[in-house]
Amino acid sequence: MVISAQGTVPPSGARGTARPATHNPKPPTKTSHPLRVAILGGGPGGLYAAALLKRLDPTREITLWERNAPDDTFGFGVVLSDETLGGIEHADPPVYEALQQHFIRWDDIDIVHRGVRHTSGGHGFAALGRKHLLEILHTRCHHLGVDLRFRTEAPPPPTLASSYDLVIAADGVNSTTRDTYADAFRPHITTHRCRYIWLATDFPFDAFRFEIAETEHGVMQLHGYPYAPDASTVIVEMREEVWHAAGFDELGEPESIERCAKIFADALGGRPLTSNNSTWTTFRTVVNESWSHGNVVLLGDAAHTAHFSIGSGTKLAVEDALALAACIQEQPSIETALTAYEEERKPVVASTQRAARASLEWFENLSLHLDQRPRQFAFNLLTRSRRVTHDNLRLRDTHFTEAVEREFGCPPGTPPMFTPFRLRGLTLRNRVVVSPMDMYSAVDGVPGDFHLVHLGARALGGAGLVMTEMVCVSPEGRITPGCAGLYTGKQAEAWRRITDFVHSQAPGTGIGVQLGHSGRKGSTKLMWEGIDEPLDDGNWPLVAASPLPYKPGSQTPRELSRAQLTDIREQFTAAAWRAARAGFDLLELHCAHGYLLSGFLSPLTNRRTDAYGGSLAKRLRFPLEVFDAVRAVWPEEKPMTVRISATDWAEGGTTPEEAVAIARAFAAHGADAIDVSTGQVVAEERPEFGRSYQTPYADRIRHEAGVPVIAVGAISSWDDVNSLILAGRTDLCALARPHLYDPHWTLHAAAEQGYDGPGVVWPAPYRAGSRPPRTGRTDAPKPRLTLSS
């Protein structure tokens, strides 16, 4: 976790109204060593790129334009990671040595919440003033012979592109170059929900400090860190509506600063805050589909931004400069160099932006977590971006992590994932769920030997709960001809065979059934023959909330009449009755992923004008009728859950606020937990994939609706599960692909953590495998002597 120094006024570099490109940039030169290089913007990224390129080839003519004076600096402190510093040390030792003279270092993070301070150590930070960083880079550029033109507007990008071999646009978040060639770079800019201001103090904090203030206007937060022996950076942030309610929109700079100092007087020890032309601003995430166009390339904030709460602006810009210089040096042409630069940096930046987005949204929704106990709140804050996890936080600060575990209720030596969880009369021995996964391997809806082995193996593998695939309530409700059902007695008997195996051979493991109806997404081929593609023959008619095909070429469903709604509700009821007779421990109603009940919930798929369409209350009506009918026949002591899509990932779809309302409605009708998934409702969705990318929706529903949740979505490691559970973002974690890769995933998670307790039990025939098998020899003789030449 690193804080970057982003200015409180537009970052330096060429500015002005975007000019339309009068012509395209010239094609990249055939040589990989451009002799004339133009750089727009005198921030750390542009300066360091200039120094590196000049150092690699002193014959280069490198000109850098900066509209501000050399001693103008916006923002205060810069924190750089050890990884970034290692790259600088390797590429340019003089710069590294100069930086070392100014760094101040510390290890601790303090989180202050409701008057309680918790400290976590072992993090390792190095910071210096932004002014010192720029002075070091100015000196290095002058020494190498770079032409630095301060207080000078750069020529228009097309002019530079036609007269230089390479143009590096390091002109900041408001990049004129990016605007000029917007059709080529294809930028996407997202404005977020908080206002923030960069300030400073005249004393050093003794740790990285997060302080929460609950005011009459709403919650505000302070992010502070030292960057000099006598100075710290302070960022004050709050939601836009809180900013307005507190009257900051009507205050000038001095009044704003004075107000912030009063609000956070305890953190500041009563000292004042200072500014440097500081203004309130709103963070914008910049993403570009392409980073180069002809001989023009983007670098730093012009190419990408990542929220200051994980601190990556300066870090990413410096790393961009290192990568760009290396690619130019290594590749045979500028064209291949720019391609290599983009291929190298884009995945790294995308990963950072995902972490930054998670951190940003955590702070945007800070009010959700205020009622957590202070130590759990601190753990939640530390792990918010998913880059700091339970396991590496334990390595950094064992004492702090163990204290959080004790408060949570973990017995000594028990990872959070192996604590029990109760839903009605069902107690799960651990927090791991084998997520429902369609197998498309049933014959006439009857589960066979494949299902016995598939589900039986995962039950033996140690998970607390194993879920079936979506089991269909009628032949017409199948997705494919290979989908399993519970609409005949023969199917129920086949399921009983499977539940009996689980209960007898994996005692303590629960097995749940997910009931659903395909709706408009039915009558398609098996997944591996063409997912969501209509059958070549043997199609059956489809029904849905509204007569809308899933995608072009899909069958158009019939809109369900009132009489048909009654029939389908009775199909669900009959299937639930059979599920109870078949011995399932838990029943989940599938109201997600665009299937029939989901189709009623989403405004994109429900266009009805009767009592079952329109407002959210009306869209909820039929799914709740089905839930009530199923709950009435499902045994009282057995739990029911509901899977929902908390967002459609499409404009005009289900909002996060509606997802909370949907969860509340099902909970009010007796749902014991909400299984929070997302998407697959409309074919034109644009999901924001990433590790644990759906868990923020579960987190919000858990805290706002006050109902237990099951988190799903790219949760791939036991470290993720421990982190999410201990932070209080979910109650259970459902994993799909990891259980396809390893049916004994949970057992192996226990073995890898050295856990052998009641939260997971090795089947007696498997106990000999409870320790990892030995690998090749690792005790080879070590060299006795080191000879020098």
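Q: Which residue of strand 13 is the bridge partner of Pro226?
A: The partner is Ser232. This is a predicted model in which local features need pLDDT of at least 70 and side-chain atom pairs count only at pLDDT 80 or more, while totals for chains, interfaces and linings use all residues. Residues are numbered from 1 along each chain as its sequence is written, and side-chain values use heavy atoms, with hydrogens and water left out.

Q: What makes strand 12 and strand 13 a pair?
A: Two strands pair if DSSP finds at least two bridges between them; strands themselves are DSSP runs of E with at least two residues, helices are runs of H or I with at least four, and both are numbered from the N terminus. Strand 12 (residues 218-228) is joined to strand 13 by 8 bridges, so the pairing requirement is met. The two strands run antiparallel, and a hairpin of 2 residues connects them.

Q: How do you know that strand 10 also pairs with strand 13?
A: Strand 10 (residues 187-201) has 8 bridges to strand 13, so this pair passes the requirement as well. These strands run antiparallel, and Ala200 has Thr233 as its bridge partner in strand 13.

Q: Why is strand 13 described as largely enclosed?
A: Buried means under 20% relative accessible area, exposed means over 50%, and partly exposed lies in between (1.4 Å probe, protein chains only). In strand 13 (residues 231-239), 9 of the 9 residues are buried, so the rest of the structure largely encloses this strand.

Q: Why are helix 2 and helix 3 called oblique?
A: Two packed helices are described by the angle between their axes and the distance between the axes. Axes are lines fitted to C-alpha atoms, for helices over the stretch in contact, and angles run from 0 to 180 degrees between N-to-C directions. Angles under 35 degrees count as roughly parallel, over 145 as roughly antiparallel, 65 to 115 as roughly perpendicular and the rest as oblique. Helix 2 (residues 82-91) and helix 3 (residues 93-100) pack at about 130°, with axes 5 Å apart. The two helices are therefore oblique to each other.

Q: Which residues make that contact between helix 2 and helix 3?
A: Contact means heavy atoms within 4.5 Å. Helix 2 contributes Leu85, Ile88, Glu89, His90 and Ala91, while helix 3 contributes Pro93, Val95, Tyr96 and Leu99. By class, there are 7 nonpolar, 1 polar and 1 charged residues, where Ala, Val, Leu, Ile, Met, Phe, Trp, Tyr, Cys and Pro count as nonpolar, Asp, Glu, Lys and Arg as charged, and the others, Gly among them, as polar.

Q: What makes strand 3 and strand 4 edge strands?
A: The open sheet has 3 strands in the order 3-7-4, with antiparallel pairing. Strand 3 (77-79) and strand 4 (104-106) each pair on one side only. The twist averages 30° from one strand to the next. Strand 3 and strand 7 (residues 125-129) share 3 bridges, and Val79 has Ala127 as its bridge partner in strand 7. Helix 4 (residues 130-144) packs on this sheet, touching strand 3 and strand 7.

Q: In which order do the strands of the closed barrel run?
A: The 8 strands run 19-20-21-24-25-26-27-28, with parallel pairing. The average twist from one strand to the next is 30°. Within the barrel, strand 21 (residues 510-516) and strand 24 (residues 586-591) pair over 4 bridges, and Gly512 has Leu586 as its bridge partner in strand 24.

Q: Why does Glu588 count as buried or exposed?
A: Glu588, which lies in strand 24, has 1% relative accessibility and therefore counts as buried. Leaving aside residues up to four places away in sequence, Glu588 touches ten residues' worth of neighbours listed as Pro436, Met467, Val513, Gln514, Leu515, Thr641, Val642, Arg643, Asp675 and Ile710.

Q: What is noteworthy about the phi of Ser523 and of His593?
A: Ser523 has a positive phi of about 55° although it is not a glycine, and His593 has a positive phi of about 65°, also without being a glycine. Ser523 sits in the loop between strand 21 and helix 18 (527-530), and His593 in the loop between strand 24 and helix 20 (596-601). Ser523, at 1% relative accessibility, counts as buried, and His593, with a relative accessible area of 8%, is buried too.
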